[in-house]
Amino acid sequence: MILVSACLMGQPVRYDGRHSWSARVQELIQGQQVLALCPEVLGGLGTPRPPARFAGATFGREGQEVIAGIASLLDEQGIDVSGSFVKGALAVAKLARDSGVRLALLKDRSPSCGWDPRGENPRGGPGQGVLSAALLAQGIEVREIRAAAKYHP
Ligand code: SF4
């Protein structure tokens, strides 16, 4: 079983109401069972929703610091949405564990799904999303999928 960011499977769950369908993901999941989930939706955030950014976090450890309560996620109005992000990430991580997931293909440049600890993505983004942190803590391999630029605003 492979966990995949729901937006990479074509589900319109991004903050802007769009999706990030990925041909690369379709190649990688051939013949595999897939669990397609969006942690922000499971955390109770609507679609569309205001984008959120990390505050007070260390690059590459942002997600684990939000889970630990020593950093936060603020939306563009400055509202602290950390609780919803953590709730959703932990819910997805539990479903992944219960389903025997060993590999997660997660979308880049997301405060939930991002995983770029060395800052190698030329288009920027966080080093570690909240979901990536929760999955890595459970020993699940996380791979960043760089979504097609045309799907970004
Ligand atoms: S990147 Fe992750 S949190 Fe953002 S829309 Fe896709 S699945 Fe949801």
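A strand is a DSSP run of E with at least two residues, numbered from the N terminus; this is the sense of β3 in the legends below, which describe a predicted model.

**View 1. Strand β3 and the lining of the largest pocket.** Strand β3 contributes three residues to the lining of the largest pocket, the most of any element. The elements that supply two or more lining residues are α2 and β3, the latter spanning 52-55.

**View 2. Centre and make-up of the largest pocket.** The largest pocket holds about 670 Å³ of space. Its lining comprises 32 residues, and those closest to the pocket centre are Y15, A52, R109, S110 and P111. Sorted by class, the lining of the largest pocket consists of 18 nonpolar, eight charged and six polar residues.

**View 3. Nonpolar surface patch at V41, L42 and L95.** Together, V41, L42 and L95 form a nonpolar surface patch of about 200 Å². V41 sits in helix α2, which covers residues 39-42. The relative accessible area of V41 is 35%, so V41 counts as partly exposed, the class between buried (under 20%) and exposed (over 50%). A patch residue needs over 30% relative accessible area, and the 35% of V41 therefore passes this cut-off.

**View 4. Helix α5 and the residue G139.** Helix α5 runs over residues 130-137 and is mostly covered, with six of its eight residues buried. These buried residues of α5 are V130, L131, S132, A133, A134 and L135. G139, just after α5, has a positive phi of about 80 degrees.

Note on methods. Residues are numbered from 1 along each chain as its sequence is written. This is a predicted model: local features need pLDDT of at least 70, side-chain atom pairs count only at pLDDT 80 or more; totals for chains, interfaces and linings use all residues. Side-chain values use heavy atoms; hydrogens and water are left out. Patches are made of residues with over 30% relative accessible area and no salt bridge: like charges are joined within 9 Å, nonpolar side chains (Val, Leu, Ile, Met, Phe, Trp, Tyr) within 5 Å. Accessible areas come from the Shrake-Rupley method with a 1.4 Å probe; for residues, only the protein chains shown count as cover. A salt bridge is a side-chain nitrogen of Lys or Arg within 4 Å of a carboxyl oxygen of Asp or Glu. Helices (H or I, at least four residues) and strands (E, at least two) are DSSP runs, numbered from the N terminus. Buried means under 20% relative accessible area, exposed over 50%, partly exposed in between (1.4 Å probe, protein chains only). On a 1 Å grid over the protein atoms alone, a cavity is a set of points where a 1.4 Å probe fits but cannot get out, and a pocket is an open set with protein on both sides within 12 Å along at least five of seven lines; lining residues have an atom within 4 Å of a point. Grid points are joined across faces, edges and corners, and a volume is the space filled by probe spheres set on the points. Ala, Val, Leu, Ile, Met, Phe, Trp, Tyr, Cys and Pro count as nonpolar, Asp, Glu, Lys and Arg as charged, and the others, Gly among them, as polar.
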